[in-house]
Amino acid sequence: MSALKADDPRIPAIQSTVRVVPNFPKPGIMFQDITTLLLNPKSFKDTVDLFVERYKSKNISVVAGIEARGFIFGPPIALAIGAKFVPLRKPKKLPGKVFRQEYDLEYGSDCLEMHVGAVEPGERAIVVDDLIATGGTLSAAMNLLERAGAEVLECACVIEIPGLKGRERLNGKPVYVLVESQ
């Protein structure tokens, strides 16, 4: 599901603040840069507000944010809806026991880790990131949470690149996006 279909006047303003950087981080990639969105306080607030409006009445207890840009949007969403924020980190960034999940991305492979005990069985979770491209990162995040016993209700992303068919890797799990890119 996309917020674009709701004809919310905030969506075009948000979309206009996302910068596309060709050939980054390698040739052929059209990088969707949200740092320019963050420079616009109104668009940044509207982005967070749209997610909060969607999740505030859904009894969410966990907002899991994917390093690094999920750390930007996840904490304010979690605070606004009264949920805890669980960081999903790159390898060797969390002390103590962790769950680990490797995955493929559009231009390589990577790994996510989450503290053992950060999520309790039966908790209701959403996963937050800036972008869904091939779906590898979101799939890994969902696997981590589900291994801990959480129920992942949805993934929330600012941007989707539909042509990369990332939703197909999510086994039917809903994805809520604000803007679509090419």
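The protein chain, seen here as a predicted model, has a secondary structure that comes to 5 helices and 9 strands. Read from the N terminus, its elements follow the order α-β-β-α-α-β-α-β-β-β-β-α-β-β. The radius of gyration of the protein chain is 15 Å, which agrees with the value near 16 Å that a compact globule of 182 residues would have.

**Overall dimensions and burial**

- Along its principal axes, the C-alpha trace of the protein chain spans about 40 × 40 × 30 Å.
- Of the 182 residues, 48% count as buried, while the chain exposes about 8600 Å², of which carbon and sulfur atoms supply 54%.
- Among contacts with a separation of 6 or more, 60% are accounted for by residues 24 or more positions apart.

**Aromatic pairs**

- A search of the whole structure finds 5 aromatic pairs, and one of them joins Phe24 and Phe31 in an edge-to-face arrangement, with 5.1 Å from centre to centre and 80° between the planes.
- The two partners differ in their burial class, because Phe24 has 42% relative accessibility and counts as partly exposed, whereas Phe31, at 17%, falls under the 20% limit and therefore counts as buried.
- The rings of Phe44 and Phe73 also form an edge-to-face pair, because their planes stand at 90°, with the ring centres 5.9 Å apart.
- Phe44 belongs to helix α3 (residues 41–55) and Phe73 to helix α4 (residues 70–81), so this pair ties together parts that are 29 residues apart in sequence.
- Within that pair, Phe44 is partly exposed with a relative accessible area of 24%, and Phe73 counts as buried at 0% relative accessibility.
- Elsewhere, ring pairs link Phe51, Tyr55 and Tyr176 into a cluster.

**Strands β8 and β9**

- Strand β9 (residues 175–180) is largely enclosed by the rest of the structure, because 5 of its 6 residues are buried.
- Strand β8 (residues 151–160) pairs with β9 in the parallel sense over 5 bridges, and Ile159 stands opposite Val179 in β9.

**A polar contact before helix α1**

- Asp8 is found in the segment before α1 (10–17), and its relative accessibility of 16% places this acidic residue in the buried class.
- The side chains of Asp8 and Arg10 are joined by a polar contact of 2.6 Å.

Terms used
Residues numbered from 1 in each chain as written. Predicted model: local features only at pLDDT ≥ 70, side-chain atom pairs only at ≥ 80, totals over all residues. Heavy atoms only, no water. Phe/Tyr/Trp six-rings, centres within 6.5 Å; stacked < 30°, edge-to-face > 60°. Buried < 20%, exposed > 50% of the residue type's maximum accessible area, 1.4 Å probe, protein only. Helix = DSSP H or I, 4+ residues; strand = E, 2+ residues; numbered from the N terminus. Pairing = 2+ DSSP bridges. Polar contact = N/O pair within 3.5 Å; in protein donor to acceptor, adjacent residues only side chain to side chain. Rg over C-alpha atoms; globule rule 2.2 N^0.38 Å. Contact = heavy atoms within 4.5 Å. Areas by Shrake-Rupley, 256 points an atom, 1.4 Å probe, with all protein chains shown as cover.
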